[in-house]
Amino acid sequence: MTKTFIIAEAGVNHNGRLDLALKLCDAARAAGADAVKFQTWVTEKIIVPDTQKADYQKANSGAGESQFQMLKALELGYDQFAQIKAYCDSIGITFLSTGDNPEDVDFLLGLGMPLVKIGSGDITNIPLLRHIGACGKPVILSTGMADMAMVRKAYQTLQDAGAKEITVLHCTTNYPCPPQEVNLKAMLTMQAELGCPVGYSDHTLGTEVPVAAVALGATVIEKHLTLDHKMDGPDHAASMEPGDFKEMCRQIRAIEVALGSGVKEPNASEKAISGVVLKRIVAARDIAAGEVLSAQNLALKRAPEGLSVDHWDEVCGKKAPRDYHKDQAIEL
């Protein structure tokens, strides 16, 4: 059984507060996530001051401020991330954060982060991809807003720079994402074309789509987590609260077990049942020794003993070795 790596995307749902960030770590662990992931940036290095918010950000956090102002208010510093990493270690959950610049990535890896997660917004960021590829760590690449050519170029850039383990996540960058925009089969297209592990970064409401992704072969599921989806902030409304996140994890683990080994064979329960369910060859009437066995004097019924029906062709045409009473098991 392959275990899906479940990432609770805390993102910016801490609202720029360390105490909320730590509570998100607790919630992620309690819900059953394998990792909790944040986002690390220095606002002045990633956006110009007059950049406006995306429409979903305006809808969820107001239109009165610029995207620069919003991000500055949500920014956590390196010292705070060091505290979050130490706290994750103490409670037993993997700490992850997406770094927006090479120096952010280097800082996070210096904390002992085991892999690098690249957000969809940097799938065309060739310098950053090259830097990450050269780090020698496993990489998880989100592919929102990208077509297959863009994904292929990003994947090849990482490989050429030295990345050995790359998992590609299908993603639709819309918050929340309606079902008709999910296009989950694109995950399988990337798996076939790139020959790499794939997963799904989910922005839908509910648990159906990420669970379906696991059934299709996703090895990683990423889902936004919030303490309360009614909180002020750009991502809370499209995020999952702890109770629902826990239910999603339960469903994913159940699907993993249900997927099984892939070998088509009866399990122990079926073997026990088959003895009284699968039909056997019995006498349809009294049969005298020496009589030719055929469809005229044989019946196929559930019975405690006798030859299985799959011996039918071997039995028909042979002479009865002895007398049989009606419903008696045929044995040759």
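# A tour of the sheet, its helices and the surrounding loops

Strand β6, residues 166-171, is the place to start: it is mostly covered, with six of its six residues buried. The structure on display is a predicted model.

**Stop one: the two faces of β6.** Select the side chains of residues 166-171. In general, side chains of a regular strand alternate between the two faces of the sheet. In β6, one side carries I166, V168 and H170, the other carries T167, L169 and C171, and all of these are buried, so both faces of the strand are covered. Each of these residues counts as buried because its relative accessible area is under 20%.

**Stop two: the neighbour β5.** Add residues 139-142, which form strand β5. Four bridges link β5 to β6, and the two strands pair in the parallel sense. Select S142 and L169 together: L169 in β6 is the bridge partner of S142.

**Stop three: the whole sheet.** Now display the strands from β1 to β8. They form an open sheet of eight strands in the order β3-β2-β1-β8-β7-β6-β5-β4, with parallel pairing. Strands β3 (94-99) and β4 (116-118) stand at the edges; each has a single partner strand, so one side of each lacks a neighbour in the sheet. On average, neighbouring strands of this sheet are turned by 25 degrees against each other, direction ignored.

**Stop four: β1 and β8.** Select residues 5-11 (β1) and 220-224 (β8), two strands that run parallel and are joined by five bridges. Within this pair, I7 stands opposite E222 in β8. Next add helix α11, residues 242-259, which packs on the sheet and touches β1 and β8. The direction of α11 makes about 160 degrees with that of β1.

**Stop five: helix α6.** Select residues 102-110. This helix, α6, lies across β2 (35-40), β3 and β4, and runs at about 170 degrees to β3.

**Stop six: unusual backbone geometry in the loops.** Most residues other than glycine have a negative phi, and most peptide bonds are trans. Three places in this model depart from that pattern.

- Select M145 in the loop between β5 and α8 (148-161). Its phi is positive, about 70 degrees, although M145 is not a glycine. M145 is exposed, with a relative accessible area of 60%.
- Select Y175 and P176. The peptide bond from Y175 to P176 is cis, with omega near -5 degrees. P176 belongs to the loop between β6 and α9 (185-194).
- Select N183, also found in the loop between β6 and α9. Phi of N183 is near 55 degrees, a positive value in a residue other than glycine. N183 has 51% relative accessibility and counts as exposed.

**Stop seven: R285.** Move to the loop between β9 and β10 (298-302), where R285 is placed. R285 counts as partly exposed, at 35% relative accessibility. Leaving aside residues up to four places away in sequence, R285 touches E291, Q296, N297, Y324, H325 and K326. Of these contacts, H325 deserves a selection: it is 40 residues from R285 along the chain, and their C-alpha atoms are separated by 6.5 Å.

**Stop eight: a nonpolar surface patch.** Finish by selecting I273, V276, V277 and L278, which make a nonpolar surface patch of about 350 Å². L278 lies in the loop between α12 (268-277) and β9 (279-283). With 52% relative accessibility, L278 counts as exposed.

Definitions and conventions: Residues are numbered from 1 along each chain as its sequence is written. This is a predicted model: local features need pLDDT of at least 70, side-chain atom pairs count only at pLDDT 80 or more; totals for chains, interfaces and linings use all residues. Side-chain values use heavy atoms; hydrogens and water are left out. Patches are made of residues with over 30% relative accessible area and no salt bridge: like charges are joined within 9 Å, nonpolar side chains (Val, Leu, Ile, Met, Phe, Trp, Tyr) within 5 Å. Accessible areas come from the Shrake-Rupley method with a 1.4 Å probe; for residues, only the protein chains shown count as cover. A salt bridge is a side-chain nitrogen of Lys or Arg within 4 Å of a carboxyl oxygen of Asp or Glu. Buried means under 20% relative accessible area, exposed over 50%, partly exposed in between (1.4 Å probe, protein chains only). Two strands pair if DSSP finds at least two bridges between them. Axes are lines fitted to C-alpha atoms, for helices over the stretch in contact, and angles run from 0 to 180 degrees between N-to-C directions. Contact means heavy atoms within 4.5 Å.
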